[in-house]
Amino acid sequence: LLPLPGGDLLAGSTTGLWRYNANDQRIVRWRVEGMPEADVHALAIAADGSFWAGTDDHGLWHFDANGKKLQHYDSRNGLVGDDIRSLLFDSRGALWIGTFTGLSRIDEPGAAPRNWRHDPSQRDGLGSNRIHSLLEDRDGLVWIGTWLDGAHVFTPASEAFTELRGKPDLPGALPTSVVRSIFADGQGLLWLGLLEGGGLVL
């Protein structure tokens, strides 16, 4: 779900996009020019009021408030993969795209995506290609939740990734490596939603 100005909501579903109109309390299908009836996993709104939708296998769609297509990114024109699971606009205005085949970042509309994939030879590289969640903390660090390799922290100054893997027997470590969600509360504390014996971890 994506809250919109005025109290409306934009929802992604297995049958595309739906919009809840707060004034008449109706839910209507919201069609985007050229976009198939795709499974929408992630939504984001840009500073200019335009929208981005990440789909299960049809890539990334950029469109305006009237549903007019502005851009479409997929693996054929530079995106790391078509199977998108999470979107994040950081404080610099860059759009991060988490997929099940790696991580992409678009620094400005129309720019070519920058991509990261797991490379076992890189000590400070991305530790997993299966990205489930993204969050920027108050220090500007980007947190990345993965399916099997814990959480990763991207430091913009060094462009390095720090890996926090699940270690059930180590006090203070993550109890599992499946990080489905990351949330920051009003005090700046981070909460991680984990699977396979994890639960919520502060």
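This tour moves through a few selections in the structure above, beginning with one strand and its partners.

The structure is a predicted model, in which local features need pLDDT of at least 70 and side-chain atom pairs count only at pLDDT 80 or more, whereas totals for chains, interfaces and linings use all residues. Residues are numbered from 1 along each chain as its sequence is written, and side-chain values use heavy atoms, with hydrogens and water left out.

**Strand E7**

Select residues 60-63, which form strand E7; helices (H or I, at least four residues) and strands (E, at least two) are DSSP runs numbered from the N terminus. Leu 60 and His 62 point one way from E7, Trp 61 and Phe 63 point the other way, and all are buried, where buried means under 20% relative accessible area, exposed over 50%, and partly exposed in between, with a 1.4 Å probe and protein chains only.

Stay on His 62, which counts as buried because its relative accessibility is 4%. Show its side chain together with that of Ser 50, and a polar contact of 2.8 Å appears between them; such a contact is a pair of N or O atoms within 3.5 Å, and within protein one must be able to donate a hydrogen and the other to accept it, while residues adjacent in sequence count only if both atoms are side-chain atoms. Leaving aside neighbours within four places in sequence, His 62 is also in contact with residues including Trp 52, Leu 70 and Pro 109, contact meaning heavy atoms within 4.5 Å.

**The strands on either side in sequence**

Next add strand E6 (residues 51-55), which pairs with E7 in the antiparallel sense over four bridges; two strands pair if DSSP finds at least two bridges between them. Ala 53 stands opposite Trp 61 in E7. The hairpin of E6 and E7 has four residues between the strands, and Gly 59 in the turn has a positive phi of about 75°.

Then add strand E8 (residues 69-73), which runs antiparallel to E7 and is joined to E7 by four bridges, with Leu 60 opposite Tyr 73 in E8. E7 and E8 form a hairpin with five residues between them, and here Gly 67 in the turn has a positive phi of about 85°.

**Trp 96**

Move now to Trp 96 in strand E10 (residues 95-99), which counts as buried because its relative accessibility is 1%. Display Asp 90 as well, since a polar contact of 2.9 Å joins the side chains of Trp 96 and Asp 90. Beyond four places in sequence, the contacts of Trp 96 include Trp 116, Leu 134, Val 142 and Phe 154.
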